[in-house]
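User: Could you pick one part of this model and go through it closely? Please spell out the cut-offs as you go.

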Amino acid sequence: MRDGAVLLAEHHVPATDHPLGTVLVRTPYGRRAAMDAVGSRVLAVRGYHVLVQSVRGTFGSGGVFDPMVSEERDGHDTVAWLREQPWFDGRLATYGASYLGWTQWTLMTDPPPELRAAVVLVAPHDFAASVYSSGAFAFQGFLAWSDLILHQETGGLLATIARGVTAKRRLASAHNGLPPADAVDTLFGGRAPWFRPWLAHPDLTDPFWDDKRATAALARSTVPTLLVGGWQDLFLEQTVAQYRALAERGVDVGLTVGPWTHLAIGTRGAATVARETLAWLDEHLAGATGRTRRAPVRVARTGDGRWWELPEWPPPTTPREWLLGAGGRLSDGGAESATSHPDEPSEPASRPYESAQAVSRPDGPSKPADADLTPGSGDPAPPVCAEFRYNPADPTPAVGGRLLTPDAGVRDNRRLAARPDVVTFTTPPLDRDLVIAGSARVELDHAADPPHADVFLRLCDVAPNGRAHNVADGMRRREPAVGPLAVELDPCFHRVAAGHRLALLVAGGAHPRFLRNNGTGEPPADAVGLVPVTHRVRGGTLTLPLTEDHTLFPPTG
């Protein structure tokens, strides 16, 4: 590297006199575990040179590992080194997931002329947005990631897997300690010097984040790029944004999104990733004739498990509005009802969950462990249609969702909904299927006392047996927490079957997924106080982007 650091790499040589080009993989996770879905040997057998390089400060490479910061410079220096190698023929592609994808985006901020293709899996281009886009720090995932980085070179694969499985328990002292930055330093013995500065800079406009962003790549790169994401992946929003930015500029870009979490991309998604990666490289690096991809977008629809090939994402949709009301009601505001007729009775008001949906009272009787998601009987609407008390000393827990850890993904949310610090708005059973394609939007008339609060939102699909599976989430830190609030939920492609219900959960946090709001207004890194917060919702709307199966295939010819 230009500063004299020497980075170690392994070169996998194809057994052919006519190689197809070179694939560069830059990783902090070790040269033998760099490619979780498409092994370097598989690519070499295919006919590609593969260079797997350990980024600085990891697995014997020189220099100090400072997450995200050095990859743009080191990536370009690596390409300069490649140009001097007798086996490099000027045809280059990049490949990798997560941090390996980040290294690709940094290279594409100023793409080298040799770069003919990129395959980016579940990866961010903007690290600042990954940790603070909601205003609340994405605590659980990046604490577990830091723990992995610190210990990955001291044990083998099984030890690394075991640490991932036990991370939530082992890291609990930092999740719950105060102040958070000190708790993390104590847990790691000061060996993760990057973490305190992350916590200490919650303002996304702070210049601190400038060298941790590769957003320029979306405006500059013309490299044909395959993007692969998961509906339950932490970086889903950025994967979709990457696709839209490149597609709008006419870049050759493919988007595949499966029913996967971040980690499942290399297990459940491995066969799909391998097939699509090899096809993309064969076309764009090796120069195979003809298109290897039938449509730009290939997405799995949750709720029925079907895969769809689409000309764009999102497909054409029609917005449909539901109204949040007293008694935990979620009423269809559209002209053409997709729910039960309003004059049909709801479930009996004697259901145990009814009182908690309208107003949650932490000093009252607790809700049952598996609460029913049926609305109440519909008494006259009070000025406040829902109220709950969030206590940071006993924070609302995170249940599944878009995490970096093994407990990510779709879960049954009945126990979460049963808590007194969660309110739920639920529709009657739907009388026909609904297909959601894109990002739902929630608008609330919300206030909190004291006015230092978070609002966590979760859209669920509730089956007739009561199971409530999460579909999309949204989170917003509010300072001050008074007045109208609009939150865009995660992108999704989901079929809600007739007879199911929609449920919208509203809470004051999701601990430790997001760093809890202490209710004091203190800087997040140094907060020590714990003040309960009362949330009041006076109404609101849920707007869903809906589509029909017949509109997903525009007529041709």
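Analyst: Here's a walk around helix 3, its packing partner and the cavities beside them.

Heads-up: this is a predicted model, with local features needing pLDDT of at least 70 and side-chain atom pairs counting only at pLDDT 80 or more, while totals for chains, interfaces and linings use all residues. Residues are numbered from 1 along each chain as its sequence is written, and side-chain values use heavy atoms, with hydrogens and water left out.

Helix 2 (residues 71-83) packs against helix 3 (residues 99-107) at about 75 degrees, axes 8 Å apart. Helices (H or I, at least four residues) and strands (E, at least two) are DSSP runs numbered from the N terminus; axes are lines fitted to C-alpha atoms, for helices over the stretch in contact, and angles run from 0 to 180 degrees between N-to-C directions. That makes the two helices roughly perpendicular (65 to 115 degrees). Touching (heavy atoms within 4.5 Å) are E71, E72, G75, H76 and V79 from helix 2, and Y99, W102, T103, T106 and L107 from helix 3. By class, the contact has four nonpolar, four polar and two charged residues (Ala, Val, Leu, Ile, Met, Phe, Trp, Tyr, Cys and Pro are nonpolar, Asp, Glu, Lys and Arg charged, the others, Gly among them, polar).

Now the empty space: there are three cavities of 30 Å³ or more. A cavity is a set of points on a 1 Å grid over the protein atoms alone where a 1.4 Å probe fits but cannot get out, with lining residues having an atom within 4 Å of a point; points join across faces, edges and corners, and volume is the space filled by probe spheres set on them. The largest cavity comes to about 90 Å³, and its lining includes Y99 and W102, along with F142 and W145. Helix 3 and helix 5 (139-151) are the elements giving two or more residues to that lining, which has 10 nonpolar, one polar and no charged residues.

The second largest cavity, at about 60 Å³, is lined by L24, V25, R26, G75, T94, Y95, L100, T103, Q104 and L107. Helix 3 gives the most, four residues, while strand 2 (22-27) and strand 4 (92-97) each supply at least two. This lining splits into five nonpolar, four polar and one charged.

Back on helix 2, D74 makes a salt bridge (Lys or Arg side-chain nitrogen within 4 Å of an Asp or Glu carboxyl oxygen) with R56, closest N and O atoms 2.7 Å apart. R56 sits in the loop between strand 3 (49-54) and helix 2, 18 residues from D74.

Terms used:
Angles under 35 degrees count as roughly parallel, over 145 as roughly antiparallel, 65 to 115 as roughly perpendicular and the rest as oblique. On a 1 Å grid over the protein atoms alone, a cavity is a set of points where a 1.4 Å probe fits but cannot get out, and a pocket is an open set with protein on both sides within 12 Å along at least five of seven lines; lining residues have an atom within 4 Å of a point.
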